[in-house]
Amino acid sequence: MATPTGPPVSCPKAAVARALLLGWVLVQVAGATGTTDVIVAYNLTWKSTNFKTILEWEPKPINYVYTVQISPRLGDWKNKCFHTTDTECDVTDEIMRNVKETYVARVLSYPADTVLTAQEPPFTNSPPFTPYLDTNLGQPVIQSFEQVGTKLNVTVEAARTLVRVNGTFLRLRDVFGKDLNYTLYYWRASSTGKKKATTNTNEFLIDVDKGENYCFSVQAVIPSRRVNQKSPESRIECTSQEKAVSRELFLIVGAVVFAVIVFVLVLSVSLYKCRKERAGPSGKENAPLNVA
């Protein structure tokens, strides 16, 4: 029996199904291609000194943006640096609310032309951060120093922070109290052997050798911490006893010279007046006549 020949029979339902399937595949491929352009942030790092706190991460975005969210350990997420192309975000105003709280942040990645959707974007969590324990201590500044005889007095500047209570910015000592110590390293300018003294205030008063010049630096320390215990040392300062002695000697010598000059002038004027009085009206000195 011969097989019938003729034009193929069309199947419109099958064609529509194939078209829909192909379209769905293309959409999925396009969506997958779009998501590969978004790179998840990595190397999230807290940079904090005296409670000024910046969250940093990598990489620099191309055709996508970041949003930072931060939260206390048991709190809600709060958006910071919304849809930014930067790779850092200042979160100081969030962590200063309670510097003894532990915070976590995360960095979300979005396509640059994204619209708000219910779908959560890819993100990376930061390590936990407790400001009171983890912020670095800034380099101290020596406010003033004075050496008088055998006493050296050194005052450390009271550094301000961005931590506020009732609208007032607190100083570092206000936040840490007696937990904050200062160490003074000092040595004779003519020697390399260092000594040290410690105080839980901002002032030192130590015994030194009279007439010797001393150099010194200061370091902030929180002994109760396990890490980040010490700040960088302050700039080195030195006393100058020789210059002070020379200056005092110069003043004394100057005063003596001035007194001598005044004395000579007064004496000269007095002698001149005496001679003038002795000379009399004729201009010659009055003298007794010789008796023949």
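How many aromatic pairs does a search of the whole structure find? The search finds 7 aromatic pairs, and since this is a predicted model, the tour below describes what the model contains at each stop.

**Stop 1: two tyrosines, Tyr64 and Tyr66**

Select Tyr64 and Tyr66, whose rings form an edge-to-face aromatic pair with 5.5 Å from centre to centre and 85° between the planes. Both Tyr64 and Tyr66 are buried, and hiding any surface you have drawn may help you to view them.

**Stop 2: a pair across the chain, Tyr186 and Tyr214**

Next select Tyr186 and Tyr214, which form a tilted aromatic pair, with 6.5 Å from centre to centre and 45° between the planes. This pair links distant parts of the chain, for Tyr186 is in strand β12 and Tyr214 is in strand β15, 28 residues apart. Tyr186 counts as buried because its relative accessible area is 10%, under the 20% cut-off. Tyr214 is likewise buried, with a relative accessible area of 5%.

**Stop 3: the largest nonpolar core**

Now select Val154, Val175, Phe176, Tyr182 and Leu184, which, of the 27 residues in the largest nonpolar core, touch the most other members. Colouring by element is useful here: β9 (151–156), α4 (172–176), β12 (181–188), β14 (203–207) and β15 (214–221) are the elements that give two or more residues to this core. Of these, β15 gives the most, with 4 residues. If you then colour domain 1 (40–132) and domain 2 (140–237) separately, you can see that both give residues to this core, so the core lies between them.

A second, separate core has 17 residues, and to find it you can select Leu55, Ala105, Val107 and Phe129, which are among its members.

**Stop 4: an aromatic cluster**

Keep Phe176 selected from the previous stop and add Phe51 and Tyr132, since these three residues form one aromatic cluster. Phe176 therefore deserves a second look, being one of the residues that touch the most other members of the largest nonpolar core as well as part of this cluster.

**Stop 5: a nonpolar patch on the surface**

Finally, turn the surface display on and select Ile252, Val256, Val260, Phe263, Val264, Leu267 and Leu271, which together make a nonpolar surface patch of about 650 Å². Within this selection, centre the view on Val256, which has its place in helix α5 (residues 241–279). Is Val256 buried or partly exposed? With a relative accessible area of 46%, Val256 is partly exposed.

Definitions and conventions:
Residues numbered from 1 in each chain as written. Predicted model: local features only at pLDDT ≥ 70, side-chain atom pairs only at ≥ 80, totals over all residues. Heavy atoms only, no water. Patch = residues over 30% accessible without salt bridge, like charges linked within 9 Å, V, L, I, M, F, W, Y side chains within 5 Å. Areas by Shrake-Rupley, 256 points an atom, 1.4 Å probe, with all protein chains shown as cover. Salt bridge = Lys/Arg side-chain N within 4 Å of Asp/Glu carboxyl O. Buried < 20%, exposed > 50% of the residue type's maximum accessible area, 1.4 Å probe, protein only. Core = buried A, V, L, I, M, F, W, Y, C linked by side-chain atoms within 4.5 Å. Domains from an automatic or database assignment. Phe/Tyr/Trp six-rings, centres within 6.5 Å; stacked < 30°, edge-to-face > 60°.
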